[in-house]
Amino acid sequence: MGLTMAALAVATAGCSSNENANTNANANANTSIASDTTRPGPDESEITTSVDANGVKTETRVFHNNPRVARVVVTTRDGKRTTTVYAPSGESKDLKEETGDALSATGNAIADAAGFVAHKTVDLADKTKEGAKTVGEKTAEGAKTVGEKTAEGAKTVGEKTAEGAKTVGEKTAEGAKKAGKAIKKAVTP
């Protein structure tokens, strides 16, 4: 009977050992389902795709030379797709599904969809352009005012000249009339 119990204990231990081996094998099999692949993407980017043991697919697109977007992460879980965009500063924003495919769009299009602002130099260029437009408008307005004042002044000068010429003409006529009377007096006895 002691011998039978010893045999039974060894058999039970063997089964338990097999169960642990099977559990470990299943765990290893589940983790081996996850896989990573990397491929070049458009717009100087690289896309890494991985699928975890639960079937969640994560596609990470890293931009190597875009000042507005550092990376995009597209996660597909239970058929639902979410897209998160990361700026070089670390700021992140989720995109709406109707914005298009973030894995093939240009970095600038993705940045625009996320609402990331372009570099300050672009803002400064726009402000300079706006300032130049304002200066041009003010210069044109000033030139118009100067032109109006010049025309007004010329009109005044013209009126004064005409008035002066009329006065001179009247005085000349009056003087000629007096000279004529004086000559007539001198000639007529």
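Strands β4 and β5 form a hairpin with two residues between them, and Asp 78 in that turn has a positive phi of about 55°. That is a handy place to enter this structure, which is a predicted model. Asp 78 lies in the loop between β4 and β5, and with a relative accessibility of 80% Asp 78 counts as exposed. Its C-alpha atom is separated by 9.5 Å from that of Lys 57, although their positions lie 21 residues apart along the chain.

**The chain as a whole**

Let us step back for a moment. The protein chain has three helices and six strands. Read from the N terminus, the elements follow the order α-β-β-β-β-β-β-α-α. The chain has 189 residues, of which 14% count as buried. If we take contacts between residues at least 6 apart in sequence, 22% of them join residues at least 24 apart.

**The sheet**

The six strands make an open sheet, in the order β1-β2-β3-β4-β5-β6, with antiparallel pairing. The edges are β1 (35–41) and β6 (92–95); each has a single partner strand, so one side of each is left without a neighbour in the sheet. From one strand to the next, the twist averages 20°.

Here is how three of the antiparallel strand pairs are joined.

| Strand pair | Bridges | Direction |
|---|---|---|
| β3 and β4 | Six | antiparallel |
| β4 and β5 | Seven | antiparallel |
| β5 and β6 | Four | antiparallel |

Individual bridge partners help when tracing the register in a viewer. Between β3 and β4, Arg 61 has Val 72 of β4 as its bridge partner. Moving on to β4 and β5, Val 73 is matched with Thr 84 in β5, Thr 75 stands opposite Thr 82 in β5, and the partner of Thr 76 in β5 is Arg 81. One step further across the sheet, Tyr 86 stands opposite Ser 92 in β6.

The β5 and β6 strands also form a hairpin, here with five residues between them, and Gly 90 in the turn has a positive phi of about 100°.

Tyr 86 has another role in the side-chain picture: the charged end of Arg 71 sits over the ring of Tyr 86, 3.9 Å from its centre. As for aromatic pairs, the structure holds zero of them.

**The core and the helix that packs on the sheet**

In soluble globular proteins, nonpolar side chains tend to be buried together. In this model, the largest nonpolar core has 14 residues, and those with the most contacts inside it are Val 69, Val 72, Val 85, Ile 110 and Phe 116. At least two residues of this core come from each of β4 and α2. The largest share, three residues, is supplied by α2.

How does α2 sit relative to the strands, and which of them does the helix touch? Helix α2 (residues 107–114) packs on the sheet and touches β3 (57–63), β4, β5 and β6, with its direction at about 90° to that of β6.

Ile 110 gives a residue-level view of this region. Leaving aside neighbours within four places in sequence, Ile 110 is in contact with Arg 61, Phe 63, Val 69, Val 72, Val 85, Leu 95, Ala 102 and Ala 105. Among these contacts, Val 69, Val 72 and Val 85 are also named with Ile 110 as residues with the most contacts inside the core.

**A buried threonine in β5**

Is Thr 83, a residue of strand β5, buried or exposed? Thr 83 has a relative accessible area of 12%, and since buried means under 20%, Thr 83 is buried. Not counting residues up to four places away in sequence, Thr 83 touches Val 72, Val 73, Val 74, Lys 93, Asp 94, Leu 95 and Ala 102. Of these, Val 72, Leu 95 and Ala 102 are also contacts of Ile 110.

Key. Residues numbered from 1 in each chain as written. Predicted model: local features only at pLDDT ≥ 70, side-chain atom pairs only at ≥ 80, totals over all residues. Heavy atoms only, no water. Phe/Tyr/Trp six-rings, centres within 6.5 Å; stacked < 30°, edge-to-face > 60°. Lys NZ or Arg CZ within 6 Å of the ring centre and 35° of its normal. Pairing = 2+ DSSP bridges. Axes fitted to C-alpha atoms, helices over the stretch in contact; angles between N-to-C directions. Contact = heavy atoms within 4.5 Å. Core = buried A, V, L, I, M, F, W, Y, C linked by side-chain atoms within 4.5 Å. Buried < 20%, exposed > 50% of the residue type's maximum accessible area, 1.4 Å probe, protein only.
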